[in-house]
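Thanks for coming, everyone. Let me put the structure up, and then I'll walk you through it.

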Amino acid sequence: MEAGQVAMQYPLQQEKSKKTEWIKQNLDQLKLALDWDNGRTSIKTLQLDNQDSHLTGEGLVQVKRLLSKTTRANAVDIKLKGDINVNDFPILEKYDVKKGQIKLVTTINSLEKGDLKIVLVSEGRNIEAKGFKVDKFDLATEMKDRRLTIEKARIFQGENHVSLDGMVDLQKKDPELNLRFNADNIDMAKVIQALPPDIKAKLDSPKELTKPPEDVKPVRYRLQKEEEQKIFTIPDKVLM
């Protein structure tokens with residue numbers, strides 16, 4: 001299948017009102033080629049193009065194995081690669097993603113019990129989202145057995161550099177975090193400038209600070225000077 005100038009609509013439920021909003025999405029080109037053979041679907045070609053954004057994919061979906069009660073390992077094996085300008089996808093604006101260029105490579109594989117293993121490697125530049133502004137970021141993560149492993153997450157804002165790695169365990173009701181944070185050459189003025197307006201306003205607004213009480217002064221003892229010391233002598237008669 002191949003089509004040009006495709007116009008689509010898809011539903012998006014608003015969190016507060018619970019109303020359904022229909023998002024319009026245009027595509028300059030759509031290509032899809034599938035090969036079906038006895039419950040085995042091979043994605044030969046998947047290509048989406050829209051202005052400056054391009055997404056390609058390939059992979060395999062084995063329906064019989066996906067529905068199997070014994071093993072579902074490798075029932076899904078898909079790879080996606082993209083170079084995306086966020087302004088080309090209106091739905092991202094609904095999540096307060098304003099601008100930016102993002103490159104990504106992701107693989108999706110099904111495990112034995114049917115859970116998915118998702119590996120994502122991504123980098124972006126000139127990002128503005130949720131009020132935050134970031135010059136550049138790079139990311140490498142893996143989701144497996146409801147555990148998110150962050151191999152690398154780095155954010156660059158000017159000369160400021162922040163990095164994060166570790167693991168988030170989502171198997172429990174209360175997620176367990178095991179993360180390590182590093183920061184190099186941080187200029188707090190620039191960090192505050194990159195924050196969302198509402199947070200930045202709270203930090204910029206002057207606040208009345210109360211001076212803590214003074215520490216209790218310690219008791220001091222003065223030693224006598226040598227010339228002030230009294231010298232006692234024992235009379236000779238006492239010694240005899």
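**Salt bridges, strands and turns**

Let's start with a contact. Arg-180 and Asp-165 form a salt bridge, with 3.3 Å between their closest N and O atoms. Where do the two partners sit? Arg-180 is in strand S11, residues 176–184, and Asp-165 is in strand S10, residues 160–169. The pair links distant parts of the chain, 15 residues apart. Arg-180 counts as exposed, at 53% relative accessibility. The cut-off for exposed is over 50%.

One caution before I go on. This is a predicted model. The average pLDDT of the protein is 81, and 78% of the residues score at least 70. Which elements mark the two ends of the range? Strand S5, residues 76–85, has the highest mean pLDDT of the elements, at 94. Helix H5, residues 236–239, has the lowest, at 55. Where pLDDT is low, the predicted coordinates should not be read in detail.

Back to the charges. How many salt bridges does the structure hold? There are 5. I've shown you one of them, Arg-180 with Asp-165. Here is another: the side chains of Glu-21 and Lys-94 meet at 2.9 Å, N to O. Glu-21 belongs to strand S2, residues 20–37, and Lys-94 to helix H2, residues 90–94, so this salt bridge ties together parts 73 residues apart in sequence. Are these two side chains buried or exposed? Glu-21 is partly exposed, with a relative accessible area of 24%. Lys-94 is also partly exposed, at 46%.

Next, Lys-98 and Asp-96. Their side chains meet in a salt bridge of 3.5 Å, N to O. Lys-98 is partly exposed at 40% relative accessibility. Asp-96 is partly exposed too, at 28%.

Now the rings. How many aromatic pairs turn up in a search of the whole structure? The count is 0. There is a charge over a ring, though. Lys-136 lies over the face of Phe-156, 4.8 Å from the ring centre.

On to the sheet. It is an open sheet of 11 strands, with antiparallel pairing. The order is S1-S2-S3-S4-S5-S6-S7-S8-S9-S10-S11. Which strands stand at the edges? Strand S1, residues 2–13, and S11 do. Each has a single partner strand, so one side of each is left without a neighbour in the sheet. From one strand to the next, the twist averages 15°. Remember that Arg-180, from the opening salt bridge, is in S11.

Let's take some strand pairs in order. Strand S3, residues 40–50, pairs with strand S4, residues 53–62, in the antiparallel sense over 9 bridges. Asn-50 stands opposite Ser-53 in S4. These two strands form a hairpin, with 2 residues between them. Gln-51, in the turn, has a positive phi of about 55°.

S4 also joins S5, through 8 bridges, and the two run antiparallel. Which residues partner across that pair? His-54 has Asp-83 in S5 as its bridge partner. Leu-55 has Gly-82 in S5. S5 is the strand with the highest mean pLDDT among the elements.

Further along comes strand S7, residues 116–129, with strand S8, residues 132–144. They pair in the antiparallel sense over 11 bridges. Leu-120 has Thr-141 in S8 as its bridge partner. The hairpin of S7 and S8 has 2 residues between the strands, and Lys-130 takes a positive phi near 55° there.

S8 pairs again, with strand S9, residues 147–157. This pairing is antiparallel, over 9 bridges. Met-143 has Leu-148 in S9 as its bridge partner. What sits between the two strands? The hairpin of S8 and S9 has 2 residues there, and Asp-145 takes a positive phi near 55°.

Last stop, a loop. Pro-175 is found between S10 and S11. Its relative accessible area is 47%, so Pro-175 counts as partly exposed. Pro-175 and Arg-147 are 28 residues apart along the chain, and their C-alpha atoms are separated by 9.5 Å.

To recap: an open sheet of 11 strands, 5 salt bridges and 0 aromatic pairs. That's my tour. Over to you.

Definitions and conventions: Residues are numbered from 1 along each chain as its sequence is written. This is a predicted model: local features need pLDDT of at least 70, side-chain atom pairs count only at pLDDT 80 or more; totals for chains, interfaces and linings use all residues. Side-chain values use heavy atoms; hydrogens and water are left out. pLDDT is the predictor's confidence in each residue, from 0 to 100. Helices (H or I, at least four residues) and strands (E, at least two) are DSSP runs, numbered from the N terminus. A salt bridge is a side-chain nitrogen of Lys or Arg within 4 Å of a carboxyl oxygen of Asp or Glu. Buried means under 20% relative accessible area, exposed over 50%, partly exposed in between (1.4 Å probe, protein chains only). Rings of Phe, Tyr and Trp (its six-membered ring) pair if their centres lie within 6.5 Å; planes under 30 degrees apart count as stacked, over 60 as edge-to-face and the rest as tilted. A charge sits over a ring if NZ of Lys or CZ of Arg is within 6 Å of the ring centre and within 35 degrees of the ring normal. Two strands pair if DSSP finds at least two bridges between them. Axes are lines fitted to C-alpha atoms, for helices over the stretch in contact, and angles run from 0 to 180 degrees between N-to-C directions.
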